[in-house]
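Visitor: Please give me a close look at one loop and its proline, and then lead me outward from there to the rest of the chain.

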Amino acid sequence: MDADEPHNGERQPGERQPGERQPGEPCVVLCDLDGVVWLAHHPIAGSVAAIAGLRAAGHRVLFVTNNSGDTIAVQEAALAGIGIPAVGDVLTSAMAAALLVQPGERVLVCGGDGVRQAVTSRGATVVTVDDAGSTADVVVDVVVDVVVDVVVVGFHRTFDYAGLTRAARAVWHGARLIGTNDDATYPTPRGPIPGGGAILAAVQTASGVPAVVAGKPHAPMAQLVRSVIGEAAAIAAVMVGDRASTDGLFARTLGCAYAHVNSGVTPAGTPVSPVPDLIADDLAAVAAVVLGGWRPDRSPTAHS
Ligand SMILES: [Mg+2]
């Protein structure tokens, strides 16, 4: 048979399945931040050394976060502040949302600086950003006088009734509605606070239009990861997270392995779905397993 001829699905010597790695071959480790690397910017024990160890062994570490409020520079600086170099290695839900915006479009940002930065980098024009000093009269002027193509909603602490009105009116006038993420809450040392999903829910309710959501576990974030590391590396990657409903489902969206850690919002022993490929106390334990040559089962039936 000709070498290029299809072989009816039978494995040929040396042939690899998509995402398959040889023992010891480096992979990409995709790390959630809150509950995996840190808690409120305080490093989780062993996480800094774990990331350094993975990188020293040739693995690439990227940080995949639904935090859309802070700019990339702020998030990179926060990681540098605990000893993790991260320039160019932070992927946010704001960046994923920006993939859904076309260059030249006019965007109403109902979100934070991270969204403004991502949308601007995309080549779109930010027509207005939420600010606490807005009045109802300004709301009317903005929406009547300025055509808005897209409303992007993300977490921001200055969200108010004027901002809600601006966003809803733009959608009523035909703007597309995009949410950076739909997390209902955000963890803090004093307990959870309302997350970007809570703000998005208000805009959806007022406008009557369901949003397209960009962040984990949704498809635009997976597309962002693939655009950075390529499709084969994305399938071979390991997603490390503390919330299966976000990080585990995102691993499924990406088609990669999910390593679940007990260092975040999910107490140890809690049944989680989807079922992880690996459950560990923390990132340090995951890194030890990866450095030991662990290769998750990537066969088509492994996740059935
Ligand atoms: Mg988390």
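Guide: Gladly! Let's begin with Pro274, which sits in the loop between β14 and β15 (278-280). Please keep in mind that this is a predicted model. The peptide bond that joins Ser273 to Pro274 is cis, with omega about 5 degrees. Pro217 also follows a cis bond: the one from Lys216 has omega near 5 degrees. You will find Pro217 in the loop between β12 (212-213) and α8.

Both loops border elements that meet helix α10. The buried residues of α10 pack against α8 (219-229), α9 (231-236), β13 (238-241) and β14 (257-261). Helix α10 itself covers residues 244-254, and its buried residues are Ala244, Thr246, Asp247, Gly248, Phe250, Ala251 and Leu254. Just past the end of α10 comes Gly255, with a positive phi of about 85 degrees.

A positive phi also turns up at two residues in the loop between β2 (38-39) and β3 (42-43), where Ala40 lies. Ala40 is not a glycine, yet its phi is near 50 degrees. His41 belongs to the loop between β2 and β3 too, and its positive phi is about 70 degrees. How buried or exposed are they? Ala40 counts as exposed because it has 9 C-beta neighbours inside 10 Å, whereas His41, with 13 other C-beta atoms within 10 Å, is partly exposed.

Now for the interior. The largest nonpolar core holds 80 residues, and Val151 and Met239 are the ones that touch the most other members. This core lies between domain 1 (28-66 + 217-291) and domain 2 (100-213), because both give residues to it. Beyond its neighbours within four places in sequence, Val151 is in contact with Leu108, Cys110, Ala167, Ala170, Val171, Ala175, Leu177 and Ile178.

Stepping back to the whole protein chain, you have eleven helices and 15 strands. Of its 304 residues, 45% count as buried. Among contacts between residues at least 6 apart in sequence, 66% join residues at least 24 apart.

A last word on confidence: the mean pLDDT of the chain is 88, and 84% of its residues reach 70 or more. Residues 1-7, however, have pLDDT below 50, and this stretch has one contact in the model beyond near neighbours in sequence. Residues 131-144 also stay under 50, although the model has 19 contacts for them beyond four places in sequence. Where pLDDT is low, please don't read the predicted coordinates in detail.

Conventions: Residues are numbered from 1 along each chain as its sequence is written. This is a predicted model: local features need pLDDT of at least 70, side-chain atom pairs count only at pLDDT 80 or more; totals for chains, interfaces and linings use all residues. A nonpolar core is a set of buried Ala, Val, Leu, Ile, Met, Phe, Trp, Tyr and Cys residues joined through C-beta atoms within 7 Å. A residue is buried if 20 or more other C-beta atoms lie within 10 Å of its own, exposed if 12 or fewer, and partly exposed in between; C-beta atoms are placed from the backbone. Domain bounds come from an automatic or database domain assignment. Two residues are in contact if their C-beta atoms, placed from the backbone, lie within 7 Å. pLDDT is the predictor's confidence in each residue, from 0 to 100. Helices (H or I, at least four residues) and strands (E, at least two) are DSSP runs, numbered from the N terminus.
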